[in-house]
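Open the model in your viewer with a cartoon representation, and keep side chains ready to be switched on. The stops below go from the overall layout to single residues and then to the packing of helices.

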Amino acid sequence: MKPDNYTILEFPSRSANEGFARTAAACFAAQLDPTLDEVNDIKTAVSEAVTNAIVHAYPDTLGKVVVKLRILPGQVLEIAVRDWGVGIEDVEQARTPLFTTGSDERSGMGFTIMESFMDTVKVRSKPGKGTTVVMRRSIARRAGR
């Protein structure tokens, strides 16, 4: 599907870049005229996906994270977050609420949160090769716009 518009962000897996990614995603999504609730949902989902890449993909090193944002026909926002880190051994298990490979401070709710705020969440991963999370959210046209 050919996008109406797109942008690509690339940054090192530093925790400081999570805030940059969520703000950039919100700014890009603004062209669809989302409600504040929709913007907050998008920011939260991006935050979870990017944090997963930073914390889990590169536990002991810095690596590359790429966020691709696309506006698809029909007012659909697509966000793809990709890393080239350790990958996920069992994607279905990783999507289970409360499952985490992180420390005790990790809640294991990242994928569950993404799924609750986006229309679709697809995860592709290969151990040793990295992970791609693709999320989509339809933004309804508001009356009078």
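Two strands are taken as paired here if DSSP finds at least two bridges between them. With that in mind, select strands S4 and S5 of this predicted model, which run antiparallel and are joined by seven bridges. Within this pair, pick valine 123 and look across to S5, where its bridge partner is valine 133.

**The whole chain**

Now zoom out and colour by secondary structure, which should bring up four helices and five strands. Followed from the N terminus, the elements come in the order β-α-α-β-β-α-α-β-β. Of the 145 residues in the protein, 45% are buried. Among contacts between residues at least 6 apart in sequence, 65% join residues at least 24 apart.

**The sheet**

Select the five strands together: they make up an open sheet with the order S1-S2-S3-S5-S4 and antiparallel pairing. Its edge strands are S1, residues 5-12, and S4, residues 120-126, each of which pairs on one side only. Looking along the sheet, expect a twist that averages 10 degrees from one strand to the next.

Next, select S3, residues 76-83, which is largely enclosed by the rest of the structure, since seven of its eight residues are buried. On one pairing, S3 meets S2 in the antiparallel sense over eight bridges, and leucine 72 stands opposite valine 76 in S3. In its pairing with S5, residues 130-138, S3 is again antiparallel, over eight bridges, and here alanine 80 has valine 134 of S5 as its bridge partner.

**The hairpin turn and glutamine 75**

Move to the connection of S2 with S3, where the two strands form a hairpin with three residues between them, and where glycine 74 in the turn has a positive phi of about 90 degrees. Show glutamine 75 as sticks; its place is in the loop between S2, residues 64-72, and S3. Is glutamine 75 buried or exposed? With a relative accessible area of 12%, glutamine 75 falls in the buried class, for which the cut-off is under 20%. Leaving aside residues up to four places away in sequence, glutamine 75 touches Leu32, Arg137, Ser138, Ile139, Ala140 and Arg141.

**Helix H1**

Select residues 16-29, helix H1, and show its side chains. The buried residues in H1 are Asn17, Glu18, Ala21, Ala24, Ala25, Ala26, Phe28 and Ala29, and these pack against S1, H2, S2 and S3. For a contrasting position, select threonine 23, which also lies in helix H1 but is partly exposed, with a relative accessible area of 41%. A distance drawn from the C-alpha atom of threonine 23 to that of valine 39, 16 residues away along the chain, should read 9.7 Å.

**H1 against H2**

Two packed helices are described by the angle between their axes and the distance between the axes. Add H2 to the selection: the axes of H1 and H2 come within 8 Å and cross at roughly 145 degrees, in a right-handed crossing. From H1, the residues to display are Glu18, Ala21, Arg22, Ala25, Ala26 and Ala29, which meet Val39, Ile42, Lys43, Thr44, Val46, Ser47, Val50, Thr51 and Ile54 in H2. Sorted by class, this contact has nine nonpolar, three polar and three charged residues.

**H2 against H4**

Keep H2, residues 36-57, and replace H1 with H4, residues 110-117; these helices pack at an angle of about 155 degrees, with their axes 9 Å apart. At that angle, H2 is roughly antiparallel to H4, because angles over 145 degrees are counted in that class. The crossing of H2 and H4 is left-handed. On the H2 side, show Asp41, Thr44, Ala45, Glu48, Ala49 and Asn52, and on the H4 side Gly110, Phe111, Ile113, Met114 and Phe117, which they meet. By class, the contact of H2 with H4 has six nonpolar, three polar and two charged residues.

As a last stop, hold on to two of the views already made: Thr44 of H2 is listed in the contact with H1, and Thr44 is also listed in the contact with H4.

Terms used
Residues are numbered from 1 along each chain as its sequence is written. This is a predicted model: local features need pLDDT of at least 70, side-chain atom pairs count only at pLDDT 80 or more; totals for chains, interfaces and linings use all residues. Side-chain values use heavy atoms; hydrogens and water are left out. Axes are lines fitted to C-alpha atoms, for helices over the stretch in contact, and angles run from 0 to 180 degrees between N-to-C directions. Angles under 35 degrees count as roughly parallel, over 145 as roughly antiparallel, 65 to 115 as roughly perpendicular and the rest as oblique. A crossing is left-handed if the near helix is turned anticlockwise from the far one by less than a right angle, and right-handed if clockwise. Contact means heavy atoms within 4.5 Å. Ala, Val, Leu, Ile, Met, Phe, Trp, Tyr, Cys and Pro count as nonpolar, Asp, Glu, Lys and Arg as charged, and the others, Gly among them, as polar. Buried means under 20% relative accessible area, exposed over 50%, partly exposed in between (1.4 Å probe, protein chains only).
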